Amino acid sequence: MRGVVKEEGLRFLFSTYRDVAEGLTSDIYFYRTLKILREKGLDRVEVYAEFTPSAFPEGYKWAVFAGLRDVITLLKGKEVDLYALPEGTVFRMKDYYGYRLPVMAIEGPYGEFVIYETPALGFLSSASGIATKAARVKRAAGGKLVVSFGARRIHPALSPFEAYYAYIGGCDAVSCVKGAEFLGLKPVGTMPHSLLILYRAVKGDHREAWKAFDEVVEPDVPRIVLVDTFWDEAEEALEAAKLLGKRLWGVRLDTPGSRRGNFPEIIREVKWKLKAAGYDWVKIVVSGGINEYVIPELIEAGADAFGVGSAIANAPIIDYAMDITAVKVKGEWVPISKRGKLSGRKQVYRCWKCLVDVVKLEGEPEPKCPKCGGSMEPMLRKYLERGKVVQEVPSPSEIRDYVLSQTRRLEL
């Protein structure tokens, strides 16, 4: 029976909230470690564990720290303290002196969080990868509109996650309905080719689909129509402008790469012919294979807005590692770490004038900026104290503004 959801038999392959919260998505060796520590009476030993970037995607000079919201949700109620950079902080892999930058730290009995290392890293790696790619795309687009079309390019269970972090990374809007709900926004989108195909087959004229869209869809939705389904893009754009007139906000070009040819030249032709015919208010929206590398030439050609799917949804992760860097022995913190890692409890300081970071051991004097000599702000802040939230993560729009205020000052 249609519309009835049955759970017996085959099920979608995804973990539930409870699965993640109970640590069932963790690696098995953490469960074995916990069993050993409990049986030997070491599970209550307090440790300080840092999260640091291991690698950036090729060509990346900076990344956006993201995923803190989900890590707080994961660890809330556990007997741990959580310190982190503010959600949306743009950071480089190393500080001014070449020391790797800690972005987050957990303190508490190791048995409290040993099985949560895997999901915590997963949240940070995926969220930071999506937010960073969105920030790069928006940095390339400047003041032009960028909409995340990533829902169809990622596992459905993760589409709200992708939309959320794409938005805080810089996207102006998202198409995913559930993602927009989490963000407190209205979802944004135009129309699919299927609508035009159905009208062409049944009514004999796909232009009737544009008319129906204008008649049926809510008035506050911008009238943006697809103009590359059956005819030349410029000809369809002119027909749409004649049909809808001033109600037409823009036309979308989504021509497949196999048929596209020189995309910037197509944009120039559409823009020119619309202007020549007196429709110079009509904006050009482009989608399909859009990323930060092609956006500049498309803007130069006349593109006004971008729908970005695969580039953000399938963004390369930001690779993080978690490592113990201090253990409490007889009431005293003992600096200790594996080789290749820096021992001790640390703080990250930033000069906002120069966007320079310096890593210092806890207890060391606050540094002055090595570039300008000015004061520096401590960046690792406490978000959980013995499992209780002591600082809230800002709203998505506030985080997005924070990201953009930093990336405007950086080059790709």
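Here are a few notes on this predicted model, moving from its parallel sheet to a helix, a strand residue and a cavity.

1. **The sheet as a whole.** A good place to start is the open sheet of six strands, ordered β7-β6-β11-β10-β9-β8, with parallel pairing. At its edges are β7 (173–174) and β8 (223–226), each of which pairs on one side only. As a reminder, strands of a sheet pair through backbone hydrogen bonds, either parallel or antiparallel.

2. **Strand β11 and its neighbours.** Strand β11 (residues 305–308) is joined to β6 (residues 145–148) by four parallel bridges, and Leu 145 stands opposite Ala 305 there. With β10 (residues 283–287), β11 shares three bridges, again running parallel; here Val 286 stands opposite Phe 306.

3. **Which way do the residues of β11 point?** Ala 305 and Gly 307 point one way, Phe 306 and Val 308 point the other way, and all are buried. This fits a familiar pattern: in a regular strand the side chains alternate between the two faces of the sheet.

4. **The β8 edge.** Strand β8 pairs with β9 (residues 248–253) in the parallel sense, over four bridges. If you would like a pair to find on screen, Arg 223 has Leu 248 in β9 as its bridge partner. Helix α10 (residues 233–244) lies across β8 and β9, and runs at about 160 degrees to β9.

5. **Helix α6.** How many residues of α6 (residues 159–169) are buried? The count is 11 of its 11 residues. Among them are Glu 162 as well as Phe 161, Tyr 164, Tyr 165 and Tyr 167. Just after the helix, Gly 170 takes a positive phi of about 145 degrees.

6. **Thr 52.** This residue belongs to strand β1 (residues 46–55). Is Thr 52 buried or exposed? Thr 52 counts as buried because its relative accessible area is 7%, below the 20% cut-off. Leaving aside residues up to four places away in sequence, Thr 52 touches Arg 100, Leu 101, Pro 102, Asp 319, Tyr 320, Ala 321 and Lys 341.

7. **The cavity.** The structure holds one cavity of 30 Å³ or more, and the largest cavity has a volume of about 60 Å³. Its lining is made up of Trp 62, Val 90, Phe 91, Arg 92, Arg 350, Leu 355, Asp 357, Gln 406 and Leu 410. By type, the lining residues of the largest cavity divide into five nonpolar, one polar and three charged.

Notes
Residues are numbered from 1 along each chain as its sequence is written. This is a predicted model: local features need pLDDT of at least 70, side-chain atom pairs count only at pLDDT 80 or more; totals for chains, interfaces and linings use all residues. Side-chain values use heavy atoms; hydrogens and water are left out. Buried means under 20% relative accessible area, exposed over 50%, partly exposed in between (1.4 Å probe, protein chains only). Helices (H or I, at least four residues) and strands (E, at least two) are DSSP runs, numbered from the N terminus. On a 1 Å grid over the protein atoms alone, a cavity is a set of points where a 1.4 Å probe fits but cannot get out, and a pocket is an open set with protein on both sides within 12 Å along at least five of seven lines; lining residues have an atom within 4 Å of a point. Grid points are joined across faces, edges and corners, and a volume is the space filled by probe spheres set on the points. Ala, Val, Leu, Ile, Met, Phe, Trp, Tyr, Cys and Pro count as nonpolar, Asp, Glu, Lys and Arg as charged, and the others, Gly among them, as polar. Two strands pair if DSSP finds at least two bridges between them. Contact means heavy atoms within 4.5 Å. Axes are lines fitted to C-alpha atoms, for helices over the stretch in contact, and angles run from 0 to 180 degrees between N-to-C directions.
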